[in-house]
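Here are my notes on the model you sent over. I start with one residue and then step back to the whole chain.

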Amino acid sequence: MTSDFADALAAGPLVLDGGMSNQLEADGHDLSDALWSARLLADRPEAITAAHLAYFEAGADVAITASYQATFEGFAARGVDAGRTADLLALSVTLARDAARQARTRRPLWVAASVGPYGAMLADGSEYRGRYGLTVAELERFHRPRLEVLAAAAPDVLALETVPDTDEAAALLRAVRGLGVPAWLSYSVTGDRTRAGQPLEEAFALAADAEEVVAVGVNCCAPEDVDAALAVAARTTGKPLVAYPNSGEAWDAGSRSWTGRSTFTPEQVSRWRSSGARLIGGCCRVGPEAVRSISRTVVGTGPR
């Protein structure tokens with residue numbers, strides 16, 4: 001698919017932002033709600049703009065919207081009707097655009113509308129397992145209305161992210177057809193398999209002939225799992241690659257806290273770029289300072 005964003009990918013690597021929740025929590029916001037950061041679309045939209053701006057100022061070229069966990073079903077459970085939910089989904093794109101206008105830079109800035117997996121709506125950790133017991137058709141019906149609203153808000157690209165299994169990937173690839181907005185597809189992986197245990201060759205092959213998909217790769221995984229996954233994605237699809245893993249720390253569900261240390265290094269970023277990654281950033285526990293380091297590594301300078 002030809003688009004300004006696809007042309008930007010071809011011109012050179014772009015720096016993605018880091019974790020939205022990471023920055024919101026650093027600013028003092030409580031995200032213990034089942035809606036996670038999506039709750040602030042309704043309650044504190046200015047906080048989301050500030051988080052996007054922090055990443056742009058740190059050197060990010062692309063902001064990923066706060067719509068990862070924003071769904072019609074999730075908001076309906078809180079008494080929010082479909083019309084208001086559609087407004088909030090569109091607002092997620094507007095807030096990222098607002099941050100881009102406020103950023104003190106002359107470089108082009110881009111907005112990726114986040115489309116999280118079905119399990120993100122459930123808020124029970126199943127987004128890291130997949131295999132929800134739904135058919136591909138049922139998953140497509142879940143995703144399509146949200147995708148339609150986000151596409152109508154005119155983001156530069158749709159981020160089909162943290163996808164745990166091939167059924168959901170197939171559903172998302174069907175759901176983006178005809179929307180007129182390019183997309184990237186990124187799996188959450190463990191080793192050489194999806195979180196649901198499917199071989200990555202099988203997973204990435206689904207996107208090989210998808211015209212709408214302008215990049216493929218991984219996110220919300222350990223940094224150490226990125227290199228092998230990118231190699232599979234490259235030889236399976238021939239498309240530009242995307243990589244934005246977590247910091248490498250581990251989430252302890254019992255204590256609801258992160259443990260261990262970050263294993264995310266500039267050397268890894270350099271390898272990903274050399275492997276063909278054209279979108280490089282971070283996910284959970286990767287904040288503005290880490291994005292600043294990524295920017296230096298990717299483009300050879302600090303924030304532009």
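1. Serine 186 first. Beyond its neighbours within four places in sequence, serine 186 is in contact with nine residues that I'd group by number: Leu160, Glu161, Thr162 and Val163, then Gly217, Val218 and Asn219, and finally Val242 and Tyr244. Bear in mind that this is a predicted model.

2. Where does serine 186 sit? You'll find serine 186 in strand S5, which covers residues 183-187.

3. Is serine 186 buried or exposed? Its relative accessible area is 0%, so serine 186 counts as buried, the cut-off being under 20%.

4. Stepping back to the whole protein, buried residues account for 56% of the 304 residues. The protein still exposes about 11,700 Å², and 48% of that area is supplied by carbon and sulfur atoms.

5. On the fold itself, I get 13 helices and 12 strands for the protein. The radius of gyration is 17 Å and the globule rule gives 19 Å for 304 residues; those are close, so the protein is as compact as a globular protein of that length. Along the principal axes, the C-alpha atoms fill a box of roughly 50 × 45 × 40 Å.

6. Now the contacts across the chain. Take the contacts between residues at least 6 apart in sequence: 76% of them join residues at least 24 apart.

7. Last, the charges. The protein has 29 positive and 38 negative charges, and the mean positions of the two sets lie 4 Å apart.

Technical notes. Residues numbered from 1 in each chain as written. Predicted model: local features only at pLDDT ≥ 70, side-chain atom pairs only at ≥ 80, totals over all residues. Heavy atoms only, no water. Helix = DSSP H or I, 4+ residues; strand = E, 2+ residues; numbered from the N terminus. Rg over C-alpha atoms; globule rule 2.2 N^0.38 Å. Buried < 20%, exposed > 50% of the residue type's maximum accessible area, 1.4 Å probe, protein only. Contact = heavy atoms within 4.5 Å. Areas by Shrake-Rupley, 256 points an atom, 1.4 Å probe, with all protein chains shown as cover. Lys, Arg positive; Asp, Glu negative; His and termini not counted. Charge placed at Lys NZ, Arg CZ, Asp CG, Glu CD.
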